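User: Got a minute to go through this one with me? I'd like to start with a single residue and work outwards.

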Amino acid sequence: MDNAEVLAAELLVEETEPVGQEPDAAQPEEKKKKKKITKRKLLEYVFVFAMLLLPIIQFCIFYIWINANSVIMAFREFDGYAENGGELFKWSLYNFQRFFNEWKNPTSVVVGALKNTFKYFAAGLIMVPVTFFVAYFLYKKLWGYKFFRVIFFLPSIISAVLFVTVYKKLIDYGGPLDMFLSLFGTRIPPLLTDDKTATATIIAYTVWTGFGINMILYQSAMSRIPKEVMEAAQLDGVPWYRELGQIILPMVWPTVATTLILLITSMFNSTGPILLFAGSGVEIDNPAVTTISFWLYRQTQKAADLNYPAAIGMFFTIVSVPVVFIVRWIFNKIDPKVTY
């Protein structure tokens, strides 16, 4: 090989080597330096993983395992006792068949509980436009709006036990309401101990104390509306009902839709403070008072037959999931998509 060929080979090697890098012998040392983790960095990783470990374990135990076990229990049927005294189970659809047979019995506890559940849900649904209406007048800063805002929000920050106690005394025989009715020659009936009026009386309490959170959400959404829009509506002489329905509602629709979707997700979980009304002649296991979610809670407390409640809970979960997605799709379709 002559000198020209040697020189050309050297130039070719120089061109193929990356500019600004040292020879290959030094590259492994740089890689080792890059991969090396300092002790401080290692302690930071350990701290982060340690902080995340507890909530992950809790999620796996109290959500994944509990729900998976509930699904398994829904398909189990009691099949007697083993020689060692343990319970035997077999796989079957008995729990679901038992639930569907409940519908044929008009005096069934489950059927009555479901009816009461829909009553609570209907009351919550009616409260959405009522709360929106109240939030609108508070947003308009009518006379005394600060006082009424505090009054409506008090049930959300004061103990429910205290409010239930006050409510019981208010509607009790000899209470303020009874004394007022006595002026007209009548007395208040036993509302909480009568099967015909017990659920309606508790629903009235939930309506009385149900303005808090949604009212704040609606009023906060309304306060984000540009003042120029409202001033233009006033200059055009827009009446209050058109301002509420054609200007404010489209602009705060995402907030309203969110509260409605959350309400529908809890459709079969709708229940009142039944447990707080225990005592004073109120029987919480009364079929005329209970709801589906409260009945399931009581079954777990008694721990008599957990497979049947698990099947009912699974059934209502399967029914409610598509309902929620359909409602969400409808609300997204009617969303005016106003940006401001």
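User: Which residues does Met 267 touch, not counting those up to four places away in sequence?
Analyst: This is a predicted model. In it, Met 267 touches Thr 117, Phe 118, Phe 121 and Val 323, with residues up to four places away left out.

User: Where does Met 267 lie?
Analyst: In the loop between H13 and H14.

User: Buried or exposed, this Met 267?
Analyst: Buried. Its relative accessibility is 11%, and the cut-off for buried is under 20%.

User: How many residues apart along the chain are Met 267 and Ser 320?
Analyst: They are 53 residues apart along the chain, yet their C-alpha atoms are separated by 7.6 Å.

User: Zooming out. How many helices and strands are in the chain?
Analyst: The chain has 15 helices and two strands. It runs to 340 residues, of which 31% count as buried.

User: And what share of the contacts between residues at least 6 apart joins residues at least 24 apart?
Analyst: 66% of them.

User: Now the core. How many residues are in the largest nonpolar one, and which have the most contacts inside it?
Analyst: That core has 45 residues. Phe 132, Met 222, Ile 248, Val 252 and Ile 312 have the most contacts inside it.

User: Which helices each supply at least two residues of this core?
Analyst: H5, H10, H11, H12, H13, H14 and H15. H5 gives the most, with 12 residues.

User: What is Phe 132 in contact with, leaving aside neighbours within four places?
Analyst: Tyr 218, Met 222, Leu 244, Ile 248, Leu 249, Val 252 and Val 256.

User: What lies apart from that largest core?
Analyst: Another core, of 18 residues. Ile 188, Leu 191, Ala 198 and Phe 294 are among them.

User: Back to helices. At what angle do H5 and H9 pack?
Analyst: About 30°, with the axes 10 Å apart. H5 covers residues 109-139 and H9 covers 198-208.

User: Why do we call H5 roughly parallel to H9?
Analyst: Because angles under 35 degrees count as roughly parallel, and theirs is about 30°. The crossing is right-handed.

User: Which residues make the contact of H5 and H9?
Analyst: H5 brings Asn 116, Lys 119, Tyr 120, Ala 123 and Met 127. H9 brings Thr 199, Ile 202, Ile 203, Thr 206 and Val 207. By class, six are nonpolar, three polar and one charged.

User: Which residues in H9 are buried?
Analyst: Ala 198, Thr 199, Thr 201, Ile 202, Ile 203 and Tyr 205. What covers the buried residues of H9 includes H5 and helix H7, residues 160-171.

User: Next pair. How do H14 and H15 pack, parallel or antiparallel?
Analyst: Roughly antiparallel. The angle is about 150° and the axes are 10 Å apart. H14 passes H15 in a left-handed crossing.

User: Which residues make that contact of H14 and H15?
Analyst: From H14, Ile 292, Trp 295, Leu 296 and Gln 299. From H15, Tyr 308, Pro 309, Ile 312, Gly 313 and Phe 316.

User: And how many of them are nonpolar, polar or charged?
Analyst: Seven are nonpolar and two polar, with no charged residues. Ile 312, on the H15 side of this contact, is also one of the residues with the most contacts inside the largest nonpolar core.

Terms used: Residues are numbered from 1 along each chain as its sequence is written. This is a predicted model: local features need pLDDT of at least 70, side-chain atom pairs count only at pLDDT 80 or more; totals for chains, interfaces and linings use all residues. Side-chain values use heavy atoms; hydrogens and water are left out. Axes are lines fitted to C-alpha atoms, for helices over the stretch in contact, and angles run from 0 to 180 degrees between N-to-C directions. Helices (H or I, at least four residues) and strands (E, at least two) are DSSP runs, numbered from the N terminus. A crossing is left-handed if the near helix is turned anticlockwise from the far one by less than a right angle, and right-handed if clockwise. Contact means heavy atoms within 4.5 Å. Ala, Val, Leu, Ile, Met, Phe, Trp, Tyr, Cys and Pro count as nonpolar, Asp, Glu, Lys and Arg as charged, and the others, Gly among them, as polar. A nonpolar core is a set of buried Ala, Val, Leu, Ile, Met, Phe, Trp, Tyr and Cys residues joined through side-chain atoms within 4.5 Å. Buried means under 20% relative accessible area, exposed over 50%, partly exposed in between (1.4 Å probe, protein chains only). Angles under 35 degrees count as roughly parallel, over 145 as roughly antiparallel, 65 to 115 as roughly perpendicular and the rest as oblique.
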